[in-house]
Amino acid sequence: MPNDIRLKIKRQDSQSSTPYWQEFVLPYRPSLNVISCLMEIQRNPVDATGKKVAPVVWECNCLEEVCGACSMLINGKARQSCSALIDRLEQPVVLEPLSKFPAVRDLVIDRTVMFNNLKRVKAWINIDGTHDQGPGPRFPEKTRSWAYELSRCMTCGCCMESCPQVNPSSKFIGPTAIAQVRLMNALPNGENDAEERLAALMEPGGVAECGNAQNCERACPKEIPLLTSIAAINRQMVAKSIFGALNK
Amino acid sequence: MASYRSFVLRKLQSLAGVLPLGIFFFVHMTLNSAAAKGGGVYNTVIEVMRGFPNIWVYEWAIIFIPLIFHGVYGLVIWWTGKSNVGRYGFYRNWMYLFQRLTGIIAFLFLIYHVFVFRYGEIFFGIPELSFDWIAGQFTNPIVFAIYLIGLFCAAFHFGNGIYTFCITWGITVGAKSQKVVNYLSWIICIVFTLYGLNSMLAFLGKNIF
């Protein structure tokens with residue numbers, strides 16, 4: 001059993017400052033996760049050389065892998081720090097902020113782009129009205145079983161981080177928004193706006209810019225069938241753009 | 001009105017690779033296989049093809065224009081991606097990288113191939129294309145190796161291209177169908193490589209089948 005836990009953290013003091021590395025050594029305790037280590041550092045912000053440093057900044061919320069706030073690169077792979085158990089990680093545990101999002105400070109990044117993407121594709125259901133619309137339509141169980149998987153998306157950013165098509169020289173919207181279009185289009189109430197959502201995905205940066213590297217599905221902590229979702233949206237798109245044009 | 005230009009271009013880029021380029025690739029390999037019958041038959045095939053009325057229209061419409069578009073726009077697509085196999089070394093992520101690498105190698109090879117073997121008479125003063133001239137070329141191991149690499153890259157790119165085409169066009173949606181097409185893509189890669197290699201060896205009188 002190891003006597004201590006070694007962490008190597010990529011730090012950045014502000015949005016525009018240069019990142020630097022800092023190492024920390026903590027006394028070993030069993031069953032810690034990355035967040036409990038970060039809390040330990042916060043309590044006693046002393047680096048491996050014994051120098052007092054500014055506490056490491058990170059973001060977290062639910063602590064049970066359903067909110068997506070604590071995503072970071074842990075030993076090079078994007079995942080949630082709450083579900084990353086120290087006992088199962090190689091040491092030193094290397095922590096870096098996600099690289100495909102604007103840096104805020106230390107391990108905190110700005111995921112606004114993902115929420116804007118969801119707005120862009122209208123990933124919601126229009127059911128507002130002043131009158132009672134009664135109970136919603138029944139949802140066939142066959143559809144529900146796969147649609148539920150898509151609804152587990154927590155916009156954590158792991159798919160975006162792993163995607164070679166998401167980078168500064170590309171406008172690719174990423175797998176999240178595409179999967180959510182599939183989900184919303186499958187809901188009985190969501191069909192009304194199905195065409196609009198597909199149209200949004202035909203714009204620059206849309207689904208056609210997927211490069212088929214398929215890391216997203218492997219990187220997704222919620223095991224969402226992202227690849228099938230992209231292919232299904234491609235099918236809807238072909239039906240809309242080609243056969244739709246033939247309807248005119 | 002939003003711009004759907006990049007959507008249409010990407011879809012056409014994918015389509016061009018299979019139709020007509022993939023079909024032509026097969027036709028080309030088939031014509032090459034005439035070399036197994038010896039110089040007489042092969043030279044007749046060349047004569048027939050070159051003597052075909054308005055052959056240049058077919059060449060430009062079915063081969064060169066789609067090829068230039070597929071290749072040049074392919075470079076644009078390559079430019080917008082940033083491979084990360086170091087961090088995510090999954091099989092498909094490697095295939096993503098290989099698809100781009102083989103595409104570039106095949107494109108460069110085809111530029112050389114077309115200029116020397118199709119328009120060599122115009123650009124390089126090469127004597128009229130014939131079985132013996134090609135056989136002479138292939139006795140040079142460097143030329144033979146370049147052809148083998150170009151052939152393999154084209155075959156790989158076409159095979160894997162069919163796999164990605166099926167996803168891009170929403171043909172294979174589920175994991176199982178994608179897996180089946182993945183096997184198919186490797187079969188296409190191997191069969192086209194062997195088919196072409198056999199014709200290449202035929203020029204040296206060493207063809208297997």
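Colleague: Which residues is Trp58(A) in contact with, leaving aside its neighbours within four places in sequence?
Modeller: In this predicted model, Trp58(A) is in contact with Ile35(A), Leu38(A), Met39(A), Gln42(A), Met72(A), Leu107(A) and Val108(A).

Colleague: And where is Trp58(A) found in chain A?
Modeller: Trp58(A) sits in the loop between helix H1 (34-43) and strand S3 (71-74) of chain A.

Colleague: Is Trp58(A) buried or exposed?
Modeller: Trp58(A) counts as buried, because its relative accessibility is 14% and the cut-off for buried is under 20%.

Colleague: How far is the C-alpha of Trp58(A) from that of Val104(A)?
Modeller: Those two C-alpha atoms are 9.8 Å apart, while Trp58(A) and Val104(A) are 46 residues apart along the chain.

Colleague: OK, on to the serines. Where is Ser81(A)?
Modeller: Ser81(A) is in the loop between S4 and S5 of chain A. Ser81(A) is buried, with a relative accessible area of 0%.

Colleague: What does Ser81(A) touch, not counting residues up to four places away in sequence?
Modeller: The list for Ser81(A) is Asn33(A), Val34(A), Ile35(A), Cys70(A), Met72(A) and Ile74(A). Ile35(A) and Met72(A) also turned up among the contacts of Trp58(A). As for distance, the C-alpha atoms of Ser81(A) and Ala69(A) are separated by 9.2 Å, with their positions 12 residues apart along the chain.

Colleague: Which loop holds Ser83(A)?
Modeller: Ser83(A) is found in the loop between strand S4 (77-80) and strand S5 (93-96) of chain A. Ser83(A) is partly exposed, at 26% relative accessible area, whereas Ser81(A) is buried.

Colleague: And how far is the C-alpha of Ser83(A) from that of Ile230(A)?
Modeller: The separation is 27 Å, and the two residues are 147 apart along the chain.

Colleague: Where does Ser162(A) fit in?
Modeller: Ser162(A) is in helix H4 (residues 158-162) of chain A. Ser162(A) counts as buried, at 0% relative accessibility.

Colleague: Which residues does Ser162(A) touch?
Modeller: Not counting residues up to four places away in sequence, Ser162(A) touches Asn215(A), Cys216(A) and Ala219(A), plus Asn84(B) and Tyr88(B) from chain B.

Colleague: Speaking of chain B, how many residues of chain A are in contact with it?
Modeller: 36 residues of chain A are in contact with 32 residues of chain B. The area buried between the two chains is about 3000 Å², and carbon and sulfur atoms give 55% of that.

Colleague: Which residues in chain A lose the most area to chain B?
Modeller: Met202(A), Ala208(A) and Asn212(A), which together make up 17% of what that side buries.

Colleague: Let's do backbone oddities. Where are the cis peptide bonds?
Modeller: One joins Gln91(A) and Pro92(A), with omega about 0°, and Pro92(A) is in the loop between S4 and S5 of chain A. Another runs from Leu19(B) to Pro20(B), with omega near 10°. Pro20(B) is in the loop between helix H1 (5-18) and helix H2 (21-32) of chain B.

Colleague: Why point those out?
Modeller: Because most peptide bonds are trans, and most residues other than glycine have a negative phi.

Colleague: So which residues have a positive phi without being glycine?
Modeller: Glu223(A) is one of them, with phi near 50°, and Asn54(B) has a phi of about 55°. Glu223(A) is in the loop between helix H7 (215-219) and H8 of chain A, and Glu223(A) is exposed, at 64% relative accessible area. Asn54(B) lies in the loop between helix H3 (39-51) and helix H4 (55-80) of chain B.

Colleague: What about H8 of chain A, how many residues does it have?
Modeller: H8 (residues 226-246) has 21 residues and reaches 29 Å from its first C-alpha to its last, close to the 30 Å expected. The buried residues of H8(A) include Leu226(A), Ile230(A), Ile233(A), Met237(A) and Val238(A).

Colleague: Last one: how many helices and strands are in chain A overall?
Modeller: Chain A has eight helices and seven strands. Of its 248 residues, 50% are buried, and the C-alpha atoms fill a box of roughly 70 × 40 × 35 Å along the principal axes.

Note on methods
Residues are numbered from 1 along each chain as its sequence is written. Chains are lettered from A and ligands numbered from 1 in the order in which they are written. This is a predicted model: local features need pLDDT of at least 70, side-chain atom pairs count only at pLDDT 80 or more; totals for chains, interfaces and linings use all residues. Side-chain values use heavy atoms; hydrogens and water are left out. Helices (H or I, at least four residues) and strands (E, at least two) are DSSP runs, numbered from the N terminus. The expected span of a helix is 1.5 Å times one less than its number of residues. Buried means under 20% relative accessible area, exposed over 50%, partly exposed in between (1.4 Å probe, protein chains only). Contact means heavy atoms within 4.5 Å. Buried area is the accessible area (1.4 Å probe) that two parts lose on being put together, summed over both.
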